[in-house]
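This report describes the ligand site and the empty spaces of the structure shown below. The ligand comes before the pocket and the cavity.

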Amino acid sequence: MIHVAEDHQDSQEEFTVTPWTVKGTIDYDKLIEKFGTTKISQSILKKFQKLTGEIHPFLRRGIFYSHRDLDWILERYQAGEEFFLYTGRGPTGNVHLGHLIPWIFTKYLQDKFNAELYFQYTDDERFLYSDSSTLEETHTTAYDNLLDLIALGFDPKKTFAFLDTDYMRTLYPIAAKISKHITLSTAKSIFGFENSTNLGLIFFPTLEAVPCFLPSVLKGKNIPCLIPAAIDQDPYWRGIAREVAPKLGFYKPAQIHCKFMPGLGQGGKMSASEPDTAIFTTDPPKVVERKVMNSFTGGRKTVEEQRRLGAQADICPIYHYYYFLFEQNDSELGKIYDDCTSGRLLCGDCKHLLASRVVEYVERHQEKREKAKELVDEFVVQDVKGGLRKKSES
Ligand code: TRP
């Protein structure tokens, strides 16, 4: 049996989830209601089992938990119609483990469904939103972040990465067509724009919608799109892409939404703005180890108390890390949970074990990240006619 790692405390607490702000203790079921998405059902899990021969731990464990039209896209696939994947990254700074979750799953989907991936770096968005980053900085950061994507092992023949500001000739005609169907009052109600919001940010959502249709436009035929992403990105699909798709003659893009990996502090998602509680892919091993060892835990005040009462795995980031990424085997995970909550396992030992696994993961990632520097031209598409040619091919 797997214990679903969810923080049940403070469910009355206020929380905010928008594309630009995620705060508080998130009630994920409430988000489903609020956004009007659908919980991933047992029958969808069965469909995955049938099509791929297994159910990925992220699905089994409810880390990817919500969707739109996932049943539809799997049915079409079963009937012989291929789909493509679309996801992206706002290049604000270094990539942390929380960012990797949707990308790891995207890579898995690419392998299992032999699907193309279109990956957008929104250097424009992050410049427009930020008070401090220059456009030159977000542009440079995007190229650095690209190494993390390549390091995950995506197939260069099936992966097309681009930065908004470098790929605008290809993106803009589609953006213009989308934008014509979205009024300012719609944009205000979806994204909370105000009179003080700059014009760039008001136009930006059309650009995030573009890749949903890009392969259909470039290849001249309608191709279903599946977006694996954290649930905070949903307004772009709900408010823009799915609204305009029928008007422009495209399929509505399907989505599969994940939860956020927590930070190592008490509550809250992993966040680059709290660097001590986030593990960056570029952190030296010593730093990774220190961060894990300094983590908040669900432990008791004294060893005696912990032996007697057991610790609280459900509120413990260390347990969540095993749950998300560092213990794929369900019965081993169940054992950690039982040993923790029964008081057999003490937090120091539990943190040591996790630290060694995280260090190993990050070290391996860093080796691949180094090699990725040679591969950039095999992933980035050029902004020339046709839109899909890479530098390595010219
Ligand atoms: N807006 C996202 C961010 O700030 C980046 C992004 C662009 C994205 N296109 C996407 C994320 C598609 C998920 C899916 O991180």
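## Ligand contacts

The side chain of E208 places an N or O atom 2.8 Å from a nitrogen atom of the ligand. On its own the ligand would expose 360 Å², and the protein buries 92% of that area. The model is a predicted one.

Two further side chains make polar approaches to the ligand. E125 has a side-chain N or O atom 2.9 Å from a ligand nitrogen atom, while R126 brings a polar side-chain atom to 2.8 Å from an oxygen atom of the ligand.

## The shell around the ligand

The ligand is surrounded by 14 residues, and those that come nearest are Y86, G90, E125, R126 and E208. By class, the shell consists of four nonpolar, six polar and four charged residues.

As for location, the ligand takes up the space of the largest pocket. Three elements each give two or more residues to the shell around the ligand: β5 (84-89), α6 (123-129) and β8 (225-230). Of the elements, β5 contributes the most to this shell, with four residues.

## The largest pocket

The largest pocket holds about 1100 Å³ of space. Its lining is made up of 50 residues, and R89, H99, R126, D232 and K269 are the ones nearest the centre of the pocket. R126 thus appears both among the residues that come nearest to the ligand and among those nearest the pocket centre.

Elements that supply at least two residues each to the lining of the largest pocket are β2 (22-23), β5, α5 (97-113), α6 and β8. The names β5, α6 and β8 were also given for the ligand shell. The lining of the largest pocket divides into 19 nonpolar, 22 polar and nine charged residues.

## The cavity

Rolling a probe the size of a water molecule over the atoms shows where empty space is left. How many cavities of 30 Å³ or more are counted? The count comes to one. The volume of the largest cavity is about 90 Å³.

The largest cavity has 13 lining residues, with C316, I318, C340, C347 and C350 lying nearest its centre. Two elements, α15 (317-326) and α17 (347-372), give two or more residues to this lining. The largest share, three residues, comes from α17. In the lining of the largest cavity, nine residues are nonpolar, three are polar and one is charged.

Technical notes: Residues are numbered from 1 along each chain as its sequence is written. This is a predicted model: local features need pLDDT of at least 70, side-chain atom pairs count only at pLDDT 80 or more; totals for chains, interfaces and linings use all residues. Side-chain values use heavy atoms; hydrogens and water are left out. A residue is near a molecule or strand if one of its heavy atoms lies within 4 Å of it. A polar contact is a pair of N or O atoms within 3.5 Å; within protein, one must be able to donate a hydrogen and the other to accept it, and residues adjacent in sequence count only if both atoms are side-chain atoms. Accessible areas come from the Shrake-Rupley method with a 1.4 Å probe; for residues, only the protein chains shown count as cover. On a 1 Å grid over the protein atoms alone, a cavity is a set of points where a 1.4 Å probe fits but cannot get out, and a pocket is an open set with protein on both sides within 12 Å along at least five of seven lines; lining residues have an atom within 4 Å of a point. A molecule sits in a cavity or pocket if more than half of its atoms lie within 2 Å of its grid points. Ala, Val, Leu, Ile, Met, Phe, Trp, Tyr, Cys and Pro count as nonpolar, Asp, Glu, Lys and Arg as charged, and the others, Gly among them, as polar. Grid points are joined across faces, edges and corners, and a volume is the space filled by probe spheres set on the points.
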